Amino acid sequence: MEIERKLREIEAFLEAKTQKNLSKGELWIHLEELYQLCKELYEQASIDFLTGLYNRRFFEKELELCVERAKRERCVFSLILMDLDHFKSINDRFGHLAGDEVLKGVGKLIRESIRKVDIPARYGGEEFAILLPGTSFEGAFSAAWRLKKKLREYQFGTEEKPIRVTASIGVGTYRPLNGTSAQEFLSEIDALLYQAKEKGRDLIMPERESPTEDKALEGISFEERQALKGVWSYDDKHY
Amino acid sequence: MMISITSGKGGVGKTSFAVNLALALSPEYRVLLVDADLGLANVDVMLSLAPQVTVRHVLLEGRSIKAAIIKSGYGFDILPAASGVVELVQPDSEMKGALELGLRELDNEYDLLLFDTGAGISPVVLWFNCLAAYSLVLYTPEPTSITDAYALIKVLSRDYGQKNFFLLANQASQKEGEQYYVHLTRVINRYLGLSPYFLGSVPKDPELERSIRLQRPLLSFKRESKAAQAILKVGEELKPFFQKESLKAAVRF
Ligand SMILES: Nc1ncnc2c1ncn2[C@@H]1O[C@H](COP(=O)(O)OP(=O)(O)OP(=O)(O)O)[C@@H](O)[C@H]1O
Ligand SMILES: [Mg+2]
């Protein structure tokens with residue numbers, strides 16, 4: 001593999017450096033190579049280096065897989081999208097380093113609040129996403145609720161300069177029967193997250209019960225009733 | 001794997017079937033029978049057990065779900081429900097969330113979780129069915145039971161994504177059960193686009209009624225009775241599905 005070969009070359013170069021006197025030109029070539037290597041690795045990575053969560057690319061691939069699996073195996077999964085509230089002002093007031101520390105801390109809180117099978121990702125600057133395989137709305141909602149609670153109770157920063165953070169959250173469950181695509185599903189949850197922001201932040205949308213429970217049970221149609229009648233008015237002589 | 005035992009109409013024989021099915025499968029599989037009628041326990045009553053800790057302590061007092069599990073004395077375990085606890089009749093989403101996480105954990109420790117659901121199509125009944133990999137729908141050969149079974153299957157498949165159904169006739173002769181299955185499935189197929197799997201018929205059997213009065217599972221003392229034999233056969237019908245599911249789980253993670 002290309003990366004392995006390059007690594008070995010640089011290794012050999014490092015070993016040789018004490019014996020040989022290298023020209024500046026050679027040094028530059030190796031430095032260039034090292035840079036390319038880092039870039040390639042970075043592009044292939046599935047981890048967000050700041051928080052240790054998965055990155056956006058990996059998340060999007062996993063989301064596609066979850067949708068495919070849900071369609072094939074009739075299983076549901078849920079998605080939590082979470083955006084930190086007023087994060088810009090944290091950066092402005094405490095500096096970018098403090099902001100990065102908060103992001104790291106949030107990553108840690110997320111990892112501590114989910115199960116092994118869940119997939120946590122840093123989706124954007126201060127936006128996080130969690131995929132919960134095989135989890136229905138209630139499970140996802142309670143996970144989101146616990147996370148939100150933990151977050152608002154947690155003290156980031158230092159004793160002298162405590163930083164408090166809240167988040168707005170959108171939660172939804174993918175149901176294979178509606179046949180929505182991964183992208184559509186993601187936009188749906190993103191719209192919920194946006195609603196939570198609009199409504200005043202530090203909120204989860206939808207606000208409480210599962211949306212399917214609100215739907216009144218429409219019962220069965222006249223036609224179906226007629227067809228069912230045939231079920232008990234059958235005649236023994238058919239058999 | 002989780003299977004819900006459900007019916008739409010009440011009193012068709014869910015609990016008595018669930019108890020005996022758990023017994024039929026328990027020598028080979030680790031079975032947990034979950035009394036899913038959370039606020040109106042019926043499994044422990046049927047077996048004359050008096051659990052100290054129930055799902056009530058888990059959901060309202062924060063006890064661990066494992067602390068509530070008891071041995072049935074017949075080879076399988078039971079997660080008992082509470083008796084007459086109003087808050088649990090329609091648990092809120094936080095309780096359901098906690099319960100789901102607990103049940104998923106137990107699902108790793110048992111081969112089979114059987115949910116004995118309450119009657120009707122209340123949100124909590126639908127919720128248990130949605131959680132289960134398969135919904136086993138019981139019907140008896142009478143119009144109200146068939147209509148309710150159909151209505152339940154319709155709501156579950158249309159709004160809850162449940163597509164895996166078993167049908168089982170209770171208090172019906174083999175022929176009767178099968179005829180009803182054929183007709184019911186035709187309607188389900190036509191309007192809902194599904195083909196539920198037929199598990200067979202359990203006949204009306206006075207021995208079963210006697211077992212209920214004795215508060216002992218029929219299979220524990222009268223294995224040769226007609227109903228017991230039929231339930232054992234249903235157990236055999238189900239076994240291939242467990243294997244499929246464990247393969248699926250292995251591929252998934
Ligand atoms: N195969 C059978 N043969 C004879 N009687 C039966 C049979 N199955 C059920 N019964 C009768 O039906 C009654 C109700 O059974 P059971 O309590 O198991 O129903 P259920 O569906 O769990 O009821 P609920 O909806 O109230 O929970 C029993 O007391 C028993 O007398
Ligand atoms: Mg019952």
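In this predicted model, a side-chain N or O atom of B:Gln171 sits 3.4 Å from a nitrogen atom of ligand 1. The backbone joins in as well: a polar backbone atom of B:Asp205 lies 3.0 Å from a nitrogen atom of the ligand, and a backbone N or O atom of B:Val12 is 3.2 Å from one of the ligand's oxygen atoms. On its own, ligand 1 would expose 640 Å², and the protein buries 78% of that area. Two elements of chain B, α1 (14-25) and α9 (206-214), each give two or more residues to the surrounding shell. That shell counts 19 residues, with B:Gly11, B:Lys14, B:Thr15, B:Ser16 and B:Asn170 coming nearest to the ligand. By type, the shell splits into 7 nonpolar, 8 polar and 4 charged residues.

B:Thr15 turns up again at the metal. The magnesium ion (ligand 2) is coordinated by OG1 of B:Thr15 and OD1 of B:Asn42, at 2.0 to 2.3 Å. These two residues are 27 apart along the chain, B:Thr15 being in helix α1 and B:Asn42 in the loop between β2 (31-35) and α2 (43-46) of chain B. B:Thr15 has a relative accessible area of 10%, so it counts as buried, the cut-off being under 20%.

Turning to charge pairs, the structure holds 24 salt bridges over all chains. One of them, in chain A, pairs A:Arg122 with A:Asp48, with 3.2 Å between the closest N and O atoms. A:Arg122 belongs to strand β2 (residues 119-122) and A:Asp48 to the loop between α2 (24-44) and α3 (56-73), so the bridge ties together parts of chain A that are 74 residues apart in sequence. Both A:Arg122 and A:Asp48 are buried.

In chain B, B:Glu142 and B:Lys9 form a salt bridge, their closest N and O atoms being 3.9 Å apart. This pair ties together parts 133 residues apart in sequence, because B:Glu142 lies in the loop between β6 (134-139) and α7 (143-159) while B:Lys9 lies in the loop between β1 (2-6) and α1. B:Glu142 is partly exposed at 31% relative accessibility, and B:Lys9 is also partly exposed, at 23%.

Another chain B bridge brings the side chains of B:Glu224 and B:Lys222 together, again at 3.9 Å from N to O. Here B:Glu224 is exposed, with a relative accessible area of 56%, whereas B:Lys222 is partly exposed at 23%. Through shared salt-bridge partners, B:Glu224 and B:Lys222 join B:Glu207 and B:Arg210 in one network.

Methods: Residues numbered from 1 in each chain as written. Chains lettered and ligands numbered in written order. Predicted model: local features only at pLDDT ≥ 70, side-chain atom pairs only at ≥ 80, totals over all residues. Heavy atoms only, no water. Near = heavy atom within 4 Å. Polar contact = N/O pair within 3.5 Å; in protein donor to acceptor, adjacent residues only side chain to side chain. Areas by Shrake-Rupley, 256 points an atom, 1.4 Å probe, with all protein chains shown as cover. Helix = DSSP H or I, 4+ residues; strand = E, 2+ residues; numbered from the N terminus. Nonpolar A, V, L, I, M, F, W, Y, C, P; charged D, E, K, R; others polar. Donors = N, O, S within 2.8 Å, 3.2 Å for Na, K, Ca; no water. Buried < 20%, exposed > 50% of the residue type's maximum accessible area, 1.4 Å probe, protein only. Salt bridge = Lys/Arg side-chain N within 4 Å of Asp/Glu carboxyl O.
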